[in-house]
Amino acid sequence: MKIKYMALVLIIAALFIAAPASAGTKYLSGDPIITVAISGTNEFSPGDEVTIPIVIQNSGLKEMKITSSDIVDRDDNPDMAKMVTVDLLKNDAPVTVKSDPQMIGDIAAGSSTTVNFIVKIDKNAPAGEYDLLADISYQYLNYAEQFGTDSIRYYYKTVELDQELPITIKPMVVLEVSNVTTDSLNVGTEGYITMNVKNVGSESGKNAVIKLETVDGSPVIPTDASVYESVFEPGEEKTVVFKASVSDDGEAKNYPVQVVVEYTDYEGETVSSDAVTVGVDVGGKVDFEVVSEPSVLSPGEKGKITIQYENTGATTVYNAQARISAVDPFTSNDDTAYLGDIAPGEVVTAIYEVTVDDEATLKTYAIDTEIRYRDALDNSQISDSMKAQVVIEKRSGMEILTNPIVLTLVVFIIVGIGYFVWSRKKKNNE
């Protein structure tokens, strides 16, 4: 039994002696070679906020290696870029880099990775060629020191390098809007919007059309909203006037509108500038109120209704005409009255002649009345309907005597009687 066991041990030992030892490998040269480049277009327009993809490439090569049974394999190769970090700097470019430095990790030789940076191009950036700066940091295995056949010590080297990334900022018309004023722009009417529009960009816009555009949710609606300029040069400022209306559901406050210019660029393409949002002041609604006391009439009477209207709105109205709707128990052949121009706060008077039905119920009636007028742009407008009160009551004898028509008749009768008496007395004296 001992003889068989010893024979097995000898066989196993012989196999280990006959088997070749495992060989290790080390590389004597070949460092990482890191380059960066922008992937895709590098042309941008003023005001753009863009995502710029940057490719980091390691083109390092292994130049010499040694393989031997007494070499311990290295965990890293000398051409491996480790713990790579990239930061994008604006350098001399008129931009704002909005992304923080990017930690990438390891990049093996012959491979690459892409990172994205968000960049805002200044809206007034002059056209031209600029360089962004990629600030790159990484480590690589500089050399390794082996101790015996079972241990190794690594020595890494840190590399800091900067590489320029060229970009092009295209010429473009860029708008700057100032001195925005309004005239007769009130709720429910049409008015003017005047502003100064300046080209602060670097492009000469040919066949330029400056446009006023509405903003979602705003009651300000452009009606004559474009101004043509054959050439809009850099630094040139234009005073433009637009027409706009305000819907009836608006209020007296400041509302946004947008200004944009459409033009032919240096490449012959039709393009539009970035829109500029500005605020415009809207005045209150044109409105009227009946401020007179109720008129008093009696059944069967043909009399006059006097109604006073006050312009409680914020703007003057022109060529105003008032009218009433004479319904039972009233009839009228004179249901309109000319009021003329009415300034804010002004009170005007209209007189209408009506006839009251003999069987009219004694009570207070509300007669519908409204005013038709012209706004500042000569558009025909009509007010909301108002109510004017008329009291129908039975007049007493004294009230009849105080009626202007009755008094007039009494005066005529008295004068007639006096004349008759005077004539008789004169004739008798003769």
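Q: What does buried mean, as opposed to exposed, for a residue in this structure?
A: Buried means under 20% relative accessible area, exposed means over 50%, and partly exposed covers the range in between, with a 1.4 Å probe and protein chains only. The structure is a predicted model, in which local features need pLDDT of at least 70 and side-chain atom pairs count only at pLDDT 80 or more, while totals for chains, interfaces and linings use all residues. Residues are numbered from 1 along each chain as its sequence is written, and side-chain values use heavy atoms, with hydrogens and water left out.

Q: Why is Lys 238 counted as buried?
A: Lys 238 has a relative accessibility of 15%, which falls under the limit for buried, and therefore it counts as buried. Glu 236, by contrast, has a relative accessible area of 24%, which lies between the two limits, so Glu 236 is partly exposed.

Q: What makes the contact of Lys 238 and Glu 236 a salt bridge?
A: A salt bridge needs a side-chain nitrogen of Lys or Arg within 4 Å of a carboxyl oxygen of Asp or Glu, and the side chains of Lys 238 and Glu 236 meet at 2.6 Å, N to O. The distance is inside the cut-off, so the pair qualifies. Both residues also belong, with Glu 229, to a network of salt bridges. In general, side chains of opposite charge can pair when their charged atoms come close.

Q: How do you know that Lys 211 and Glu 262 form a salt bridge, and which strands does the pair link?
A: Their N to O distance is 3.6 Å, which satisfies the salt-bridge criterion, so the pair counts. The pair links distant parts of the chain, since Lys 211 is in strand E14 (residues 205–214) and Glu 262 in strand E18 (residues 254–264), 51 residues apart; strands here are DSSP runs of at least two residues, numbered from the N terminus. Lys 211, at 26% relative accessibility, counts as partly exposed, and Glu 262 does likewise at 31%.

Q: What makes Phe 288 and Tyr 373 an edge-to-face pair?
A: Rings of Phe, Tyr and Trp (its six-membered ring) pair if their centres lie within 6.5 Å, and planes under 30 degrees apart count as stacked, over 60 as edge-to-face and the rest as tilted. Phe 288 and Tyr 373 are 5.8 Å apart, centre to centre, with 65° between the planes, so both conditions for an edge-to-face pair are met. Phe 288 lies in strand E21 (residues 288–290) and Tyr 373 in strand E28 (residues 364–374), so the pair ties together parts that are 85 residues apart in sequence. Both residues are buried.

Q: Why is the pair of Phe 330 and Tyr 365 called edge-to-face?
A: The centres of Phe 330 and Tyr 365 are 5.5 Å apart and the planes stand at 85°, so the pair meets the edge-to-face criterion. Phe 330 is in strand E25 (residues 330–334) and Tyr 365 in strand E28, 35 residues apart, and both are buried.

Q: What makes Glu 43 suitable for a patch of negative charge?
A: Patches are made of residues with over 30% relative accessible area and no salt bridge, like charges being joined within 9 Å and nonpolar side chains (Val, Leu, Ile, Met, Phe, Trp, Tyr) within 5 Å. Glu 43 has a relative accessibility of 40%, so it passes the area threshold and counts as partly exposed. Glu 43 gathers with Glu 129, Glu 267 and Glu 269 in the surface patch, and Glu 43 itself is found in strand E3 (residues 43–44).

Note on methods: Areas by Shrake-Rupley, 256 points an atom, 1.4 Å probe, with all protein chains shown as cover. Lys, Arg positive; Asp, Glu negative; His and termini not counted. Charge placed at Lys NZ, Arg CZ, Asp CG, Glu CD. Helix = DSSP H or I, 4+ residues; strand = E, 2+ residues; numbered from the N terminus.
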